[in-house]
Amino acid sequence: MADTRRPEADRRVDRIETRPRFSEADAIRLNNLFRGSDTRDMLRAVIRDGLAGDLAVVSSFGAESAVLLHLVAEIDPALPVLFLDTQKHFPETLAYRDALVAMLGLTGLRVLTPDPAMLAKKDDKGLRWSWDPDGCCDIRKVVPLARAMTDFDATITGRKGFQSNTRAGLPRFEIDKTDHEGRLKINPLANWSAETIEAWFDSHGLPRHPLVARGYPSIGCAPCTSKVAKGEDPRSGRWKGWDKTECGIHVPGHDDGENNLPPGYDPAF
Ligand code: SF4
């Protein structure tokens, strides 16, 4: 009888890589490597030299998103930009998104939408935000993003340390804790001040989100975004009245016991 066993070298390709992509030690090493370096230099190294593997920008096209998108467009306008279309955005946000994409010449926009079957089953009236915002964010943000992330090793976010108490001390590189895949989360603007952001808008002629002038310094979905008084925490207008500060794409959300998440996506709820 013929020996059907394959040589070791052939069998090796069958093995599935299950190790996390990056470890806490990698994040520390990258933070040390770029400590004190210019944001553009850091981004160039990450994007052009592939230090963090396959990358995507996650953008809400909110109040300050233009700054990060401008920095990225200077280096690689074709870099994938993921936008979560929750179907609850202000129309102004969608118009602003399209205007910014055209102005900056971004060619990698990917619009992520909720699964229609999941919407029909769990939010058929479109009002889940009013009684279960965590569940609504899961359906409209966490799950669509998790599905898209199977293509990527790291995300670039526009988060800043000054945005709220919960984001103070934000590092430039951190491990994405929403699953066990060990992706990197890169926050190039982590240490930028509100003044630096403003100056960047002015010096590069970047357009403002139209709702900023109407009292919204942080802009998310329409039902969950309120105006903020001068001097208040800019993110205090998000989910006003709820004990909720993030949408679940930056911290774990919650589980309703049904397996809606893609393979390998196992949030620590
Ligand atoms: S921010 Fe509000 S409307 Fe948007 S997905 Fe979350 S709960 Fe739903």
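Me: Which residues of α5 are buried?
Reply: This is a predicted model: local features need pLDDT of at least 70, side-chain atom pairs count only at pLDDT 80 or more, and totals for chains, interfaces and linings use all residues. Residues are numbered from 1 along each chain as its sequence is written. Buried means 20 or more other C-beta atoms, placed from the backbone, within 10 Å of the residue's own; exposed means 12 or fewer, and partly exposed lies in between. In α5 the buried residues are Thr93, Tyr96, Arg97, Leu100 and Val101.

Me: What arc do these buried residues cover around the axis of α5?
Reply: The arc is taken from the directions from the helix axis to the C-beta atoms. These residues are on the same side of α5, because their arc is only 130°.

Me: Which residues of α5 are exposed on the other side?
Reply: Helices (H or I, at least four residues) and strands (E, at least two) are DSSP runs numbered from the N terminus. The other side of α5 has the exposed residues Pro91, Asp98 and Ala102.

Me: How far apart are the end C-alpha atoms of α5?
Reply: The expected span is 1.5 Å times one less than the number of residues. For the 14 residues of α5 (91-104) that gives 20 Å, and the model agrees, with its end C-alpha atoms apart by 20 Å.

Me: Which strands stand at the edges of the sheet?
Reply: Strands pair if DSSP finds at least two bridges between them. Six strands form an open, mixed sheet, ordered β3-β2-β1-β4-β6-β5. Two have a single partner strand each, so one side of each is left without a neighbour in the sheet: β3 and β5 (173-175).
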